[in-house]
Amino acid sequence: MVSRLMLGCGSVGHAIVDSVADWSGALVVVDESESRVETLRTEGVSATRGDPTDRETVAGRPHVDIAFVCGDDPERNREAARVVREVHPAAYLVSYAGSRPTEEVRTELDELSDTFIDPGRALVEHLLPLTDADTAFRTHELQRTLRDIDGKLGIFMHDNPDPDAIASAVALEGMAESVGTEAETCYYGAISHQENRAFVNLLDLNLRNLEEGADLSEFAGLALVDHSSPGVNDQLPEETPIDIVIDHHPPNHPVEARFVDLRSGVGATSSLLADHLEQLGIHPNERVATGLLYGIRVDTKDFTREVSEADFEAAAFLLPHADTSTLERVETPSISTDTFETISRAIRNRELDGTVLASCVGSLSDRDALAQAADRLLNMDGVTVTLVFGFMDGTVYVSARARGTDVDLGETMRAAFGQIGSAGGHADMAGAQIPLGLLGEVEDDEEESLSTIVGEIITDRFFETVRSRPGPGDFETDRERVAAFDIQLAENDET
């Protein structure tokens, strides 16, 4: 719970109390005037009589997230601000200059405060953005968490990261280093999508590829970007403690970290990082700005998919610092033969249930080709939902897209596959990973049979879920199919 302390409560302070009355968390006011304290108490505000400049009084609050210094006397406001910085150095400090401050007082208060309000400004209008959900306080908390990492910070993207994850991680690495914290951007899996490879190469990004089970003891802290839980779409152990999470995907489970920035109403994690940079007054270098802008464009499909006002604002902030010619080169890479083959198989193997299309492409060599196939098939006449899936390394990988439909793909994928694998995403773009188990231990000449049984299980389950959310008992049907196929494989081995 956020804890707030107000030192001094003149007429301006009273206006602030009214404006923050609906904020979650606790607010305590300390003022020397007995009549003001009584007035505040009758209004339901926790207030106590005391000296706002007294160190022991301020230290009596063991934890303060936001401190307001709002007396009418400029000199006493300066003293109170000094005490806050001494006793609660990590608190977000908002100071009001008071009535007729000298230039010396104004200058020092400005230096001491995170937000300094001059008498000539509309105080309440400036403070209204400082709600719990606002970036101003959130950015302060992120910066403090980065500064508190005692050693190297490992910034982890999800497996086989896309441009949004890559750009966000690189931006966070720069933020960490700006406060003196060493950081390294890491990922598991591979960057195989041709546009993603071009993106990394053209921007000359330094990313570290880790093997499963890699020793993480070199990291004093860990951050997750563009996903929110260890062990879910990354190869970190599930019990790994996390310091920072920044993501725009709606979570389907509690997220635990020292700092959490989850804004599912925003189209890209890159927009969140751009917002933090802007709040800090940091002008991103060309490489970071270009990366973040591309991350936003990819995840919002050039501002046509789940785009928000925050995405447009982030793009406007980044555009003057980005290299648009590099973006053009990233967006027109050559497409590999394997990707064309995957798209071709997706077209050949498609099955339709009304306007819903599903296709099994069989064995994969490039997971990223699934998303490209799902996007391409969505352009077919009369199709509003696509699901393309294939298998590699003992796992079924699924990519889904939707357009012009009421189907929420993220919820649909969780309902269909959440109990037999990991699944989730947005309303019009989602994915899943399902372990094959014993089905994955097949010989080359049995691959066609594997494609058939996996295709039936995934396709039937998805069609059923889109039509009407199935109950938990339906999972038994899938298990029976898997068990039956295991028996069939065993019989084949015996013969």
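These are my notebook entries on a predicted model.

**Overall**

I began with the chain as a whole. The secondary structure comes to 18 helices and 18 strands. Of the 495 residues in the chain, 53% are buried. I then looked at contacts with a sequence separation of 6 or more, and found that 62% of them join residues 24 or more positions apart.

**Nonpolar cores**

I looked up the largest nonpolar core, which has 48 residues. The members that touch the most others are Leu146, Leu172, Phe199, Leu207 and Leu292. Helix α8, residues 163-178, gives this core its largest share, nine residues. A separate core of 28 residues lies apart from it, and I noted Cys360, Val385, Ile458 and Phe463 among its members.

I took leucine 146 from the largest core and listed its contacts, leaving aside neighbours within four places in sequence. They are Leu153, Leu172, Met175, Ala176, Val179, Thr181 and Ile244.

**Helix α11**

I checked the length of α11, residues 286-299, against expectation. Its 14 residues should span 20 Å at 1.5 Å a residue, and the end C-alpha atoms are 20 Å apart, so the two agree.

Is this helix mostly covered or mostly uncovered? I found it mostly covered, with 10 of its 14 residues buried. The buried set holds a run from Val288 through Ala289, Thr290, Gly291, Leu292, Leu293, Tyr294 and Gly295 to Ile296, and Asp299 as well. Leu292 was noted above as one of the core residues that touch the most other members.

I then asked what covers the buried residues of α11. The cover includes helices α8, α9 (194-203), α10 (269-279), α12 (309-318) and α13 (324-330), together with strand β18 (429-435).

At the start of the helix, I found a side-chain oxygen of asparagine 285 within 3.2 Å of the backbone nitrogen of arginine 287. After the helix comes lysine 301, with a positive phi near 50 degrees.

**Strands β11 and β12**

I looked next at how β11 (residues 244-247) and β12 (residues 259-262) are joined. They run parallel, with four bridges between them. Valine 245 is the residue opposite valine 260 in β12.

In a regular strand, side chains alternate between the two faces of the sheet. I compared the faces of β12: Phe259 and Asp261 make up the covered one, Val260 and Leu262 the uncovered one.

**Isoleucine 242**

I placed isoleucine 242 in the loop between β10 (219-225) and β11. Its relative accessible area is 8%, so it counts as buried. Beyond the neighbours within four places in sequence, isoleucine 242 is in contact with Leu222, Leu224, Pro230, Glu256, Ala257 and Arg258. I also took its distance to valine 260: the two are 18 residues apart in sequence and 9.8 Å apart in space, C-alpha to C-alpha.

**Strands β7 and β8**

I found β7 (residues 152-156) paired with β8 (residues 183-188) in the parallel sense over four bridges. Isoleucine 155 stands opposite threonine 185 in β8. Five of the six residues of β8 are buried, so the strand is largely enclosed by the rest of the structure.

**Cysteines**

I searched the whole structure for disulfides and found zero. Why is cysteine 9 not bonded to cysteine 70? The sulfur of cysteine 70 is the closest cysteine sulfur to that of cysteine 9, but at 7.4 Å it is too far for a bond. The cut-off for a disulfide is 2.5 Å between sulfur atoms. From the side of cysteine 70, the nearest cysteine sulfur is that of cysteine 9. Cysteine 9 is buried at 3% relative accessible area, and cysteine 70 is buried at 1%.

**Positive phi at two aspartates**

Most residues other than glycine have a negative phi. I therefore noted aspartate 226, which is not a glycine and has a positive phi of about 65 degrees. Aspartate 226 lies in the loop between β10 and β11.

Aspartate 393 also has a positive phi, of about 50 degrees. I placed aspartate 393 in the loop between β15 (385-392) and β16 (395-402).

Which of the terms, buried or exposed, fits aspartate 226? Aspartate 226 is buried, with a relative accessible area of 2%. Aspartate 393 counts as exposed, at 71% relative accessibility.

Methods: Residues are numbered from 1 along each chain as its sequence is written. This is a predicted model: local features need pLDDT of at least 70, side-chain atom pairs count only at pLDDT 80 or more; totals for chains, interfaces and linings use all residues. Side-chain values use heavy atoms; hydrogens and water are left out. A nonpolar core is a set of buried Ala, Val, Leu, Ile, Met, Phe, Trp, Tyr and Cys residues joined through side-chain atoms within 4.5 Å. Buried means under 20% relative accessible area, exposed over 50%, partly exposed in between (1.4 Å probe, protein chains only). Contact means heavy atoms within 4.5 Å. The expected span of a helix is 1.5 Å times one less than its number of residues. A polar contact is a pair of N or O atoms within 3.5 Å; within protein, one must be able to donate a hydrogen and the other to accept it, and residues adjacent in sequence count only if both atoms are side-chain atoms. Two strands pair if DSSP finds at least two bridges between them.
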